[in-house]
Amino acid sequence: MSVAVAELATRSRVHYLNESYGIKSWLLTTDHKRIGLLYLVSITFMFFIAAVAALLIRIQLLEPNGAIVQPETYNRLFSIHGIIMVWFFLIPSIPAVLGNFLIPMMIGARDVAFPKLNLLSWYIYIIGAFFELYVVIYGGVDTGWTFYTPYSSTYANGHVFAAAAGIFIVGFSSIITGLNFIVTIHKMRAPGMTWFRLPLFIWAMYATSIILVLATPDLAMTLGLMAAERFLGVGIFNPALGGDPVLFQHLFWFYSHPAVYIMVLPAMGVVTELIAAYSRHRVYGYGFVAFSSFGIALLGFLVWGHHMFVSGQSVYAGMIFSALSFLVAIPSGIKVFNWTATLYKGSNSYDAPMLYALGFIGLFVIGGLTGLFLASLSTDVQVHDTYFVIAHFHYIMVGGAVTAYMGGLHYWWPKITGRLYPDKWARLAALIIFVGFNVTFFPQYVLGYMGMPRRYPIYPPQFQWLNVASSAGATILGIGYLIPFVYLIWSMRYGPEAGPNPWHVKGLEWQTPSPPPRENFEETPIVTEEAYAYPTRPRGSARV
Amino acid sequence: MKADAHIVPVKIYLGTFVALVVLALATTGIAYLNLGIWNTVIALVIAVTKALLVILFFMHAYYNKGLTRVVFSVAIIWLTILIVLSSTDVFTRSWTPVPRSWAPDIALHQSHK
Amino acid sequence: MSEAAIKQAGRPILEEHFADLPAQEEARKLGMWVFLVTEVLFFGGLFTGYTIYRELYFYGFEQGSHLIEVKWGAINTLVLIVSSFTMAVAIRTAQVGKRSFVTISLLLTTALLGVLFLFIKLYFEWFHDYKEGLFPGVHWDYHGPFAAHVQLFFVFYYFMTGLHAIHVIIGVGLMFALAYLTWRGRFSPRYYSPLEVAGLYWHFVDIVWIFLFPLLYLIGGRS
C-alpha cells in the first residue's frame with residue numbers, strides 16, 4: 001500500500017490523535033494516551049538538558065587538570081545532572097509514558113480510574129520542572145542530588161531551596177500516578193481478566209506504584225525538613241545545634257533506595273513483555289516473575305542503610321542492612337532466570353526491541369553483581385564514593401532502565417503512532433548505544449576500584465587514559481541516542497502504516513486499531529485466555 | 001465487586017464517640033501521675049486504641065473486610081519499618097567502643113534523665 | 001433508567017470511564033485510602049525524627065513539653081473527636097435519605113469545629129508561644145538548661161502541629177464545599193461517595209491529632 005493511501009486510510013478513521021485538534025484539546029485532555037504523550041515530550045526535553053550536563057562533565061574529565069569549568073561549576077553540573085535524570089527523566093519515564101498509555105489498554109479498560117488526577121499529575125510535573133529549570137538558568141545547586149546536611153541546609157550557596165521545591169512538587173506527580181495505577185489495576189480490569197491473566201508488565205507497574213505511594217511522601221518530608229533548617233536556621237540535622245546529620249541520610253535514603261526500584265521495576269516489566277513477544281513464548285514461571293516484583297518492592301524498603309556504611313552509622317545497623325541487601329538480589333535473579341528460560345527454545349527474532357531487551361539482561365546482570373560488592377560492608381569501604389559506585393548505578397539505570405525504556409518505546413511505537421519505524425536504523429542505533437554505553441562505563445569500574453573518587457573535577461594523571469576512553473564512549477552513546485530521536489519523529493509522518501498488530505503478538509493492547517480510538521476498545525473485551533497464550537510448538541519449526 | 005451499602009447504626013457511632021471521649025480524658029488524667037516509663041507506654045496504648053476505634057467504626061474498616069484492612073495495615077507496617085530500622089542505627093552507635101579521644105563529642109549526645 | 005443517564009444537581013453521577021456505579025464508588029474509596037497511606041508516610045518522617053530526638057534528648061523534650069499547656073491540647077482533642085462524630089453521622093444521614101437540611105447542618109458543624117480547633121491552636125497556643133519567645137527561627141528567647149534540645153522539641157512541635165493544621169484547613173474547606181453540593185441536591189442514598197471520601201480524610205486528620213496530643217503535650221509525668 002503506498003504511503004499516500006496509507007495516510008488516507010489512517011486519516012479517515014477516528015482515533016485518539018485526530019478525534020480533536022488544537023492546543024486546548026491537548027492541554028485539557030483527560031485521555032490517558034494523550035497524557036502519556038505529554039509526558040513523553042516533557043521528559044525528553046529534560047533528558048537533553050541533563051545529557052548536556054553529562055557531556056560537560058565528560059569533557060572536563062578528559063584532562064587530569066582540565067580547566068573547562070571551575071570546581072564550583074563542576075559541582076553544579078553533576079548535581080543538576082543527577083537531579084534531572086533521577087526525578088525528571090527516569091522516575092517518570094516508563095510509568096508516566098508507557099504506564100499511562102498501556103495500563104488501561106492491557107487490562108481492557110477505557111481509561112485510568114481518575115483521569116482528571118492524571119492530567120493534574122502532568123501539570124504538577126511541569127510546575128516542578130519549571131522550578132528546576134529556574135535553578136539551571138540561575139546558576140544551579142552544588143550539593144549533589146543527595147542534598148546531604150548540614151552542607152545543604154547551612155553552608156551551600158546555590159539555589160537549594162528552589163531545587164528542593166521543584167523535587168518536592170514533582171514528587172506529588174509521582175504519588176498521584178502511583179495512586180491512580182493501584183486503583184485502576186484493582187478496580188477496572190475487564191471481565192475475565194483475573195489477576196493471573198494480567199500481563200507481567202501490569203504486575204511490575206503495580207509493585208512500582210506501591211513503592212511510589214509509600215516512599216515518595218518521605219522524600220517530601222525530608223526535603224521539607226532540610227528546607228526548614230535552611231530557612232529558619234534551626235538545628236534539625238546540624239550537629240552544632242544538637243542535630244544528627246545522619247538522620248537526614250536515613251530519611252533521604254528511605255525514599256531514594258526504593259526510588260531506584262521505581263526506576264528498574266517498570267523496566268523489568270517491559271523486558272518481560274519484549275522477551276515474551278520476540279521469542280513467541282509463554283513466560284517461564286509466570287507466578288515467580290509476578291511475585292518477584294513484589295519481593296523487590298518489599299525488600300527494597302529494608303536496605304537503605306547500605307548507602308550509609310561509612311557515614312557514622314552504627315556497625316550493627318550496617319550489618320543488618322548488608323544482609324538485607326544481599327537478599328534483595330534474589331528476586332532480581334529470579335527474573336533473569338525466568339527470562340533466560342523463556343528465551344530458551346523460543347522462536348527468537350532480533351528486531352530492535354529484542355536487542356534492547358537482551359542488552360538489558362546483560363547490562364543489568366553486570367550492574368546487579370557489582371551491587372553485591374557494594375552491599376558487602378568491607379568492600380564498600382574501599383569503593384564507596386568512587387567511580388565504582390557511579391559505574392554500578394549507571395549500568396542499572398542507563399544500561400538497564402533507559403535501555404528497557406527505549407525497547408518499550410520502539411515495541412509500542414506502532415500502537416502509539418500507528419506507524420512503523422525503519423528497523424535497520426533501529427537495530428543500528430541499539431548496537432551503537434550498547435557499544436557506546438560499555439565503553440563509557442566499564443572503565444569507570446576500573447577507575448573506581450583503583451581509587452578515583454566521584455564528584456571531583458580533577459584526578460591523578462595515571463587515571464587519564466581510562467577517563468579518555470569513558471569520554472569517547474560517551475560521545476558514541478550520545479550519537480546512539482540521537483539516531484532514534486531522528487527516525488522516530490520521521491516515522492510519524494513517513495513510516496508505513498502499522499495496523500493493529502504488526503508484531504503478531506498476544507495482548508489486549510494489540511487487539512485494537514493502531515492508533516487506538518479514544519475509548520481504547522469498540523466494545524469492552526472479555527478475556528478468556530491466559531497471558532502470552534502462544535501455541536507451544538514442536539522443536540525446530542519455523543517462526544510464524 | 002459489590003459496593004458496600006452497609007449503614008452503621010447511630011448507636012455504634014455514639015458508643016465509639018463516648019469511648020473516644022473517655023479515653024481522651026483518661027490519657028490526660030494519667031499524664032498527671034508520675035509513672036516513669038509507663039506514662040509513655042500507657043499514653044501510646046490509649047492512642048492506638050483510639051485510632052483503632054476511629055478506623056474500625058467511623059471509617060467503616062470493621063465492615064469493609066479485605067482490601068481496606070490490607071491498605072491501612074501496610075501504612076502502619078511501613079511507618080514502623082522507617083522508625084524502627086532508623087532507630088537501630090541511632091541507638092546502637094554507642095555499642096561500638098570508640099577511641100578515648102572522641103569522648104567529649106559523645107557527651108553532647110547523652111541525655112540527662 | 002441506565003446508571004449512566006442518572007443525574008443529580010444537573011450532572012451525571014456515573015463518570016464515563018467506569019463500567020458501573022459500584023465500580024466507581026469502590027474505586028473512589030480505595031483511592032482515598034491509598035491517599036491516606038501516603039499521608040501516613042508523609043507525617044512518618046516527622047514521627048521518626050521526633051522519636052529519635054526524644055530518646056536522645058529526653059530531658060530537653062520533657063522541658064519543652066511542660067512549656068505548652070495540656071488544657072488546650074486536651075480541649076482540641078475533644079473538639080476533633082466531636083467533629084469526627086458529626087462527620088460520621090452526616091454521611092449516614094445522606095445514606096438513609098434524610099432531608100438535606102440535616103446533612104448540611106452536620107457538615108457545617110464539623111467545619112465549625114475545625115475552625116474552633118484552628119482558632120484555639122493559632123491564638124491560644126501559637127501566638128502565646130510566640131510572645132513567650134518559644135518560636136525557633138522567628139522569636140526564640142529560651143535560656144534554660146539544654147536550650148538547644150528544647151529548641152529541637154519546638155521545631156518538631158510547630159512542624160507537626162503546623163502540618164496537621166494545614167490538613168485541618170483543607171478539611172474545613174472540603175466540608176463547606178460538600179455542604180454547598182448537598183444544598184444543590186447532589187447527594188442521595190444512591191450516590192454519596194464524595195461525602196464518604198471526605199469523611200475518610202477528616203477521620204484521618206483526627207487520628208493524626210490523637211497521636212500528636214500525647215506525644216507532644218504529655219511527655220513525662222506532670223505531678
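The area buried between chain C and chain A is about 2,700 Å², and carbon and sulfur atoms give 77% of it. Buried area here is the accessible area (1.4 Å probe) that two parts lose on being put together, summed over both. H17(C), L41(C) and F42(C) supply 22% of the area that chain C buries against chain A, more than any other three residues.

This is a predicted model, in which local features need pLDDT of at least 70 and side-chain atom pairs count only at pLDDT 80 or more, while totals for chains, interfaces and linings use all residues. Residues are numbered from 1 along each chain as its sequence is written, chains are lettered from A and ligands numbered from 1 in the order in which they are written, and side-chain values use heavy atoms, with hydrogens and water left out.

**Confidence**

The predictor gives the complex an ipTM of 0.94 and a pTM of 0.94. Chain C has a mean pLDDT of 94, with 98% of its residues at 70 or more. pLDDT is the predictor's confidence in each residue, from 0 to 100.

**Chain C against chain A**

Contact (heavy atoms within 4.5 Å) takes in 32 residues from chain C and 36 residues from chain A. Two salt bridges are counted between chain C and chain A. The term requires a side-chain nitrogen of Lys or Arg within 4 Å of a carboxyl oxygen of Asp or Glu. One of the two joins K116(A) to E15(C). Their closest N and O atoms are 3.9 Å apart. Six residue pairs are in polar contact across this interface, both residues at pLDDT 80 or more. A polar contact is a pair of N or O atoms within 3.5 Å; within protein, one must be able to donate a hydrogen and the other to accept it, and residues adjacent in sequence count only if both atoms are side-chain atoms.

On the side of chain C that touches chain A, the elements giving two or more residues are α1 (21-56) and α5 (147-183) of chain C. α1(C) gives the most, with 17 residues. Helices are DSSP runs (H or I, at least four residues), numbered from the N terminus. By type, this side divides into 20 nonpolar, eight polar and four charged residues. Ala, Val, Leu, Ile, Met, Phe, Trp, Tyr, Cys and Pro count as nonpolar, Asp, Glu, Lys and Arg as charged, and the others, Gly among them, as polar.

**Chain B against chain C**

Here 54 residues of chain B are in contact with 54 residues of chain C. The buried area is about 4,700 Å², with 75% from carbon and sulfur atoms. The salt bridge count is zero. Three residue pairs are in polar contact, both at pLDDT 80 or more. α1 (10-30), α2 (37-58) and α3 (67-90) of chain B each supply at least two residues of the side that touches chain C. α3(B) gives the most, with 12 residues. That side of chain B divides into 36 nonpolar, 14 polar and four charged residues.

**Backbone features of chain A**

| Site | Feature | Place |
|---|---|---|
| T149(A) to P150(A) | cis, omega near -5° | P150(A): loop between α5 (115-137) and α6 (151-155) |
| S514(A) to P515(A) | cis, omega near -10° | P515(A): segment after α16 (464-494) |
| R280(A) | phi near 50° | loop between α9 (245-279) and α10 (286-299) |
| H504(A) | phi near 55° | segment after α16 |

R280(A) has a positive phi without being glycine. Is R280(A) buried or exposed? R280(A) is buried, with a relative accessible area of 7%. H504(A), also a residue other than glycine with positive phi, counts as exposed at 56%. Buried means under 20% relative accessible area, exposed over 50%, partly exposed in between (1.4 Å probe, protein chains only).
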